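Dear colleague,

Please find below the structure that I am handing over to you. My notes on it follow directly after.

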Amino acid sequence: MAPRIVFTGGSGKAGRHAIPELIKRGYEVLNVDLTDFPDKEANVFTLKTDLTDSGQCFNALTTHFNFSGYEGPHVPGPPDAVIHFAAYARNMLVPDNECFKGNVASTYNVIEAACKLGVKKVIIASSETTYEVCFGQGDLDFTSFPLDEEADVNPMDTYAISKLCGERVARGFARRFDADIYALRIGNVVEPHEYAQDFPKYISDPKVRKRNAWSYIDARDLGQICDLCIKKDGLGFQVFNATNDTITATFPTRQFLEQFAPNTPITREMEEWEAPLSNRKIRKVLGFKENYNWRMYYNPE
Ligand SMILES: NC(=O)c1ccc[n+]([C@@H]2O[C@H](COP(=O)([O-])OP(=O)(O)OC[C@H]3O[C@@H](n4cnc5c(N)ncnc54)[C@H](O)[C@@H]3O)[C@@H](O)[C@H]2O)c1
């Protein structure tokens with residue numbers, strides 16, 4: 001039987017590409033979201049659920065994945081894994097207190113329900129914003145490059161703080177339930193149609209991408225990362241940067257950073273074109289191999 005995955009927030013920008021990628025890789029996926037899956041042809045069932053309500057959360061994790069579930073002899077049990085992407089995905093969508101309350105409550109509820117129902121693999125969406133600069137006040141410098149997962153981070157904005165709280169809940173519950181909970185510090189998500197639309201500006205005016213550390217993640221490659229996280233057991237609590245391989249620039253990383261981030265120390269040897277928000281850990285630990293590099297879609301030369 002195909003592994004059963006509950007994916008929260010799958011109707012959003014990242015999930016609408018990550019879910020089809022997971023289905024392609026052989027999973028059965030239930031989308032749990034406030035809104036329907038945008039692609040009606042994709043045959044993705046959505047259970048309308050408000051994850052800030054713990055009761056709804058427990059129920060959503062013990063439901064049929066679609067109506068054919070009623071045909072078999074068994075009532076549904078918990079899924080094999082939970083991927084939690086639902087969130088207010090940035091500041092300024094709602095007032096800060098609602099962003100904090102919504103994100104922290106939904107992440108707590110999902111992790112608690114999954115762990116108490118015996119699910120041993122949970123993947124949660126954290127964010128590049130935890131590296132302090134993205135929504136920090138003023139023109140901040142990153143503490144150091146490359147941005148690796150073990151850095152101590154202290155973001156000042158509410159959205160990033162809500163994501164860091166999610167990581168902390170994940171760490172505690174992984175310990176208490178001996179579960180694997182992997183937090184993905186997701187880079188700026190790029191959908192296929194956005195390369196042609198946005199990259200000419202990103203490349204010609206590098207200043208506009210400082211807040212994203214000149215890094216990104218293709219939404220379909222993010223689906224691959226979720227798959228690899230599901231397949232890799234036994235790591236307990238982990239933080240993984242989820243970004244593509246290379247810097248979004250036309251000259252190599254060290255030379256680029258010396259020009260555009262002269263005040264930020266470089267703390268280890270970087271690969272020639274390595275993204276400043278480095279994905280070295282997912283390549284080494286999970287075996288990530290990107291399929292969708294930005295240069296496939298936009299050639300600035
Ligand atoms: N988009 C990015 O560049 C980016 C970067 C870093 C991290 N992230 C994180 O990745 C995840 C996915 O981001 P996205 O861009 O797809 O966001 P999105 O806003 O496009 O989608 C989020 C989805 O979550 C759903 N949702 C929100 N609150 C909910 C609730 N209470 N119950 C159920 N569903 C709810 C929304 O309906 C929406 O479909 C988020 O957790 C976000 O914080 C995104």
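In this predicted model, the side chains of Thr129 and Ser127 are joined by a polar contact of 2.7 Å. Thr129 belongs to the loop that runs between β5 and α4. With a relative accessibility of 2%, Thr129 counts as buried, because the limit for that class is under 20% relative accessible area.

The two elements on either side of this loop return in the description of the ligand site. Both β5 (121–127) and α4 (158–177) give two or more residues to the shell around the ligand. The largest contribution comes from β5, which supplies three residues.

The ligand site

The ligand occupies the largest pocket. It is surrounded by 25 residues, and the closest of these are Ala14, Asp33, Phe85, Tyr159 and Lys163. Sorted by class, the shell around the ligand consists of 11 nonpolar, 10 polar and four charged residues.

Three polar approaches to oxygen atoms of the ligand may be of use to you when you examine the site:

- Tyr159 places a polar side-chain atom 2.5 Å from a ligand oxygen atom.
- Ala14 has a polar backbone atom at 2.8 Å from an oxygen atom of the ligand.
- Gly12 has a backbone N or O atom at 3.4 Å from an oxygen atom of the ligand.

On its own, the ligand has 820 Å² of accessible area, and the protein covers 86% of it.

Two charged residues

Glu194 and Arg283 are both counted as charged by residue type, and I describe them in turn.

Glu194 is found in helix α5, which spans residues 194–204. Its side chain reaches the backbone nitrogen of Glu191 at a distance of 2.8 Å. Is Glu194 buried or exposed? The relative accessible area of Glu194 is 11%, so this residue is buried.

Arg283 lies in helix α8, residues 280–286. Arg283 has a relative accessible area of 24% and is therefore partly exposed, since that class lies between the limits of 20% and 50%. How far apart are Arg283 and Asp245 in sequence and in space? The two residues are separated by 38 residues in sequence, and their C-alpha atoms are 8.9 Å apart.

With kind regards

Terms used:
Residues numbered from 1 in each chain as written. Predicted model: local features only at pLDDT ≥ 70, side-chain atom pairs only at ≥ 80, totals over all residues. Heavy atoms only, no water. Near = heavy atom within 4 Å. Polar contact = N/O pair within 3.5 Å; in protein donor to acceptor, adjacent residues only side chain to side chain. Areas by Shrake-Rupley, 256 points an atom, 1.4 Å probe, with all protein chains shown as cover. 1 Å grid on protein atoms, 1.4 Å probe; cavity = no way out; pocket = protein on both sides within 12 Å on 5 of 7 lines; lining within 4 Å. Sits in = over half its atoms within 2 Å of the grid points. Helix = DSSP H or I, 4+ residues; strand = E, 2+ residues; numbered from the N terminus. Buried < 20%, exposed > 50% of the residue type's maximum accessible area, 1.4 Å probe, protein only.
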